Each structure stands twice: as C-alpha cells, then as structure tokens.
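Please walk through the structure below with its bound ligands in view. The paragraphs that follow start from the site of one ligand and then move to the metals and the backbone.

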Amino acid sequence: MSFTSMWDALAPVGRQADGGYGRFAWSDADLTLREWFAGEAAARGLDLVDDGNGNLLAWRGDTTRDDALLVGSHLDSVPGGGAFDGPLGVVSSFAAIDDLDARGVELDRPLVVGAFADEEGARFGIACAGSRLMTGSLDAGQALGLRDRDGLTLAEVLRARGRRPEDVGPRPDLLGRIGTFVELHVEQGRALDLDDGAAVGVGSAIWPHGRYRFTFTGRADHAGTTPMDERQDPMLTYAMTVLAANKQARLLGARATFGRVEVDPNGTNAIPSQVRAWMDARAADEGVLEDLVARVTSQAADRAGRDGTAVETTAESVSAEVAFDAALAAELSTLLDDAPVLPTGAGHDAGVLARHGVPTAMLFVRNPTGVSHSPHEHADETDCLAGVDALSRTIEHLAGAR
Ligand code: GLV
Ligand code: MN
Ligand code: MN
C-alpha cells in the first residue's frame with residue numbers, strides 16, 4: 001500500500017461535516033483506526049501486541065532482543081482536530097517499511113511500529129495516557145477512575161469495549177525491548193516553512209506544559225430580578241481569569257489557553273451556580289510555567305474575593321520539560337541533509353518515553369500554515385513523502401545491517 005492509498009483509506013474515519021476529526025479514545029472511530037492498524041501490520045507480516053493499555057505495537061524481528069527501534073505516533077485526535085496530528089507518523093511508519101523492503105534494506109535490529117492510545121487525552125483529560133500508563137508515570141487505578149464527559153469511567157468504557165481493565169498498567173517487559181524511539185509528526189508551527197527549503201526537521205526539546213482545571217462556584221439566581229450588586233456570579237470570576245491568563249502569558253513570553261468550559265445550569269436567564277474551565281499553559285522554562293500558573297491562580301482568587309465566589313484549581317496533567325537525546329538529534333540532522341533542529345510547544349508520547357529513559361528523537365514534517373488542532377491543519381503530499389523518505393533513511397541508519 002502506498003502512503004497515499006493508506007492516507008485515503010483513513011480520511012473518512014471520524015471525519016465531521018466541517019472536515020475536522022473526532023477520533024477519541026475507544027470511540028467507534030478509534031476502534032476502526034485500530035482495525036486498520038491491525039490490517040496494515042498483518043499485511044506486512046508484523047506481530048501485533050496490545051500492551052493492555054491500548055497501545056498497539058507491531059513487531060518485525062526478534063522479539064526477545066532489547067534494542068528494537070520503535071517508530072510511530074498516535075491515531076486519536078482532539079475535538080475538531082486535523083487529519084495529520086498523529087496519523088501522519090503511523091502511516092509514514094508503514095510506508096517507510098515498504099520503502100525499506102522495496103530497496104532491499106536488511107535490518108540488524110528488530111523494528112516496531114507503534115500507535116499510542118489516547119495521546120490527546122481528549123476524552124479522559126490526561127495527555128499521553130497510553131504511554132504514561134505503559135511507563136508507569138500514570139497510576140493505573142487513577143486512570144481507570146477518570147470520567148469522560150458522559151460520566152463514564154475509563155474502566156467502564158474499556159469493559160464495554162470487551163477489554164480487561166485489570167490489564168491496564170506498566171509494561172517494563174515491553175519497554176525493556178525498545179532501544180530507541182523515533183516519532184514522526186506534522187510540525188505544529190511554522191518554523192520549517194520559514195526556514196527556506198526544509199521539508200523535514202528534527203526535534204530538540206518539548207516545552208514544559210500542563211492542564212489545570214478551575215472550578216468557579218457562586219450562587220444561581222434570576223437574571224432579571226437579581227440586582228447587579230447582589231450577585232455571586234462565577235462567570236465573572238471565570239471571565240477575568242481568562243483575561244488574566246492571556247495577559248500574564250504575554251508578559252512572560254509563555255502560552256495560556258482556555259479552550260474548554262462547562263457552565264451549570266447553562267441557562268440564558270439564570271446566573272450560573274458553577275463554571276468549570278480548563279487552562280492549558282506552556283512555557284520554554286519550568287520556572288516560567290510555575291510563575292504563570294501562580295500568577296493566574298492568585299489573580300483568580302483575588303477576583304473571587306471581590307465577586308463573592310470561590311475558586312479551586314487542580315492540576316490535571318503536568319509534563320516536565322523534555323530534552324531529546326542531543327547526540328541522536330545531531331546525528332539525524334546530519335543524516336537528513338542538515339535538517340533544522342527545533343523545539344516544540346506541543347506534547348508527544350516521544351516526550352513520555354524520553355523521560356522514561358528511552359533514547360528518543362522526533363522528525364517534524366513542514367506545515368505551511370503552522371495551524372494544528374484544527375480542520376485547517378495541513379502538510380503537502382510532497383512533504384509527507386519527504387517525511388517517509390526521511391524516516392526510511394533514519395531506520396536504515398539506526399537499524400540497518402552493517
Ligand atoms: C498535544 O498535541 C498537545 O500538545 O496538547
Ligand atoms: Mn495534538
Ligand atoms: Mn500528536
């Protein structure tokens with residue numbers, strides 16, 4: 001199967017009317033993508049292993065060795081996401097295997113194609129849930145108790161899909177067989193587009209980032225009869241917090257986004273009783289990230305005091321800064337014709353495995369607008385094919401017979 005025919009086969013899965021994707025963990029679309037993955041693995045004679053957390057690992061070569069080269073990414077999406085964030089890395093991995101086979105390249109090391117479960121954390125709130133569970137950096141009991149927006153726990157969802165929640169947890173046995181991880185991903189910025197002529201770049205680092213839930217509690221009341229100075233309106237505290245986050249992020253050269261909000265009771269003519277909102281915050285440096293969160297939290301608390309409301313903040317998932325293996329990044333940059341080496345503000349399973357001690361690298365494929373987590377996310381087909389070529393050369397370089 002060529003890159004293009006695999007890409008076309010995936011295009012309708014989970015696609016919404018506006019062209020965006022809703023491919024949440026364990027949804028029908030996710031199950032279809034998993035079946036597709038199993039089919040592509042079988043077509044290449046790869047041995048498929050599901051690690052119990054939903055991470056799919058398709059192996060070629062000796063599964064008892066400890067130096068396998070893992071390539072891949074994820075298949076799930078954010079709500080209204082693009083086609084490329086995740087699937088590009090998985091499809092490119094299968095296409096790179098085909099390219100290696102067509103070129104008759106023999107490999108010395110086992111090769112594994114991976115698709116990590118629930119990378120976006122769009123359903124249960126925790127980013128990179130699959131890789132975190134596999135490495136043990138997310139506790140299985142905590143994960144199984146997480147609820148989606150319909151109130152279902154992960155354990156309930158897994159059972160409904162015929163899976164065993166008891167199988168969720170760390171897999172040191174499988175991780176111990178992986179010597180290196182290379183994740184290819186669409187770039188989620190415009191650094192490559194602005195760098196004349198580079199279709200592919202190499203990752204250097206991931207910014208520290210986190211998701212913080214703010215719960216603003218006030219008093220429900222009538223929108224017409226309650227005088228303005230007698231309200232305890234949590235929407236006001238929320239609104240000021242959004243503005244404060246934006247201002248503080250600008251002042252600190254960081255990023256802060258409120259992209260999800262829930263209101264109770266959510267009626268046009270009722271003052272809300274509660275507003276729950278999620279802040280995604282990121283910075284180049286951990287100290288700056290902590291400072292940003294502290295400033296926003298403290299301004300929210302001050303404002304709550306003035307509004308007669310209460311605010312509680314919970315860190316739902318925080319990821320420390322990741323520096324990818326610098327020697328490996330330099331080696332791949334040289335191999336790939338002096339490809340630019342760049343950091344990213346986006347989180348990845350590559351970061352989780354790198355923090356776990358697996359030598360890890362990322363390849364980024366140029367995104368002409370830089371837009372991501374949106375139906376407008378895009379990479380030109382010629383650049384995607386350049387990505388496949390780069391990944392194939394990378395695999396040959398790292399795992400090829402000498
Ligand atoms: C993943 O795409 C993230 O950075 O949120
Ligand atoms: Mn993403
Ligand atoms: Mn991604």
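A pocket, as the word is used here, is an open set of grid points with protein on both sides within 12 Å along at least five of seven lines. The model is a predicted one. Its largest pocket is the space taken by ligand 1.

The shell around ligand 1 is made up of Asp85, Glu120, Arg282, Ala346, Gly347 and His373. Sorted by class, this shell holds 3 charged, 2 polar and 1 nonpolar residues. Oxygen atoms of ligand 1 pair with protein atoms at several points. The side chain of arginine 282 places an N or O atom 2.7 Å from a ligand oxygen, and the side chain of histidine 373 does so at 3.0 Å. Glycine 347 takes part through its backbone, where a polar atom is 2.6 Å from an oxygen of ligand 1. Taken alone, ligand 1 would expose 200 Å², and the protein buries 94% of that.

Some residues of this shell also bind metal. The manganese ion (ligand 2) is coordinated at 2.0 to 2.8 Å by an OD atom of Asp85, two OE entries of Glu120 and NE2 of His373. Along the chain these donors follow the spacing D-x34-E-x252-H. Glutamate 120 belongs to the loop between β4 (111-116) and α4 (129-135), and histidine 373 to the loop between β15 (360-365) and α13 (381-399), so this pair ties together parts that are 253 residues apart in sequence.

The other manganese ion (ligand 3) has as its protein donors His74 (NE2), Asp85 (OD) and His185 (NE2), at 2.0 to 2.2 Å. Their spacing in sequence is H-x10-D-x99-H. Aspartate 85 sits in the loop between β3 (68-74) and α3 (87-102), while histidine 185 is in strand β5 (residues 178-186); the pair therefore ties together parts that are 100 residues apart in sequence.

What links the manganese ion (ligand 2) and the manganese ion (ligand 3)? Aspartate 85 bridges them, and the two ions lie 3.6 Å apart. Aspartate 85 is also one of the residues around ligand 1.

Two backbone details remain. The loop between β4 and α4, which holds glutamate 120, also contains aspartate 118. Phi of aspartate 118 is near 45°, a positive value in a residue other than glycine. Elsewhere, the peptide bond from aspartate 264 to proline 265 is cis, with omega near -5°. Proline 265 is found in the loop between β9 (255-264) and β10 (270-271).

Notes. Residues are numbered from 1 along each chain as its sequence is written. Chains are lettered from A and ligands numbered from 1 in the order in which they are written. This is a predicted model: local features need pLDDT of at least 70, side-chain atom pairs count only at pLDDT 80 or more; totals for chains, interfaces and linings use all residues. Side-chain values use heavy atoms; hydrogens and water are left out. A residue is near a molecule or strand if one of its heavy atoms lies within 4 Å of it. A polar contact is a pair of N or O atoms within 3.5 Å; within protein, one must be able to donate a hydrogen and the other to accept it, and residues adjacent in sequence count only if both atoms are side-chain atoms. Accessible areas come from the Shrake-Rupley method with a 1.4 Å probe; for residues, only the protein chains shown count as cover. On a 1 Å grid over the protein atoms alone, a cavity is a set of points where a 1.4 Å probe fits but cannot get out, and a pocket is an open set with protein on both sides within 12 Å along at least five of seven lines; lining residues have an atom within 4 Å of a point. A molecule sits in a cavity or pocket if more than half of its atoms lie within 2 Å of its grid points. Ala, Val, Leu, Ile, Met, Phe, Trp, Tyr, Cys and Pro count as nonpolar, Asp, Glu, Lys and Arg as charged, and the others, Gly among them, as polar. Donors are N, O and S atoms within 2.8 Å of the metal (3.2 Å for Na, K and Ca); water is not among the atoms, so sites may look incomplete. Helices (H or I, at least four residues) and strands (E, at least two) are DSSP runs, numbered from the N terminus.
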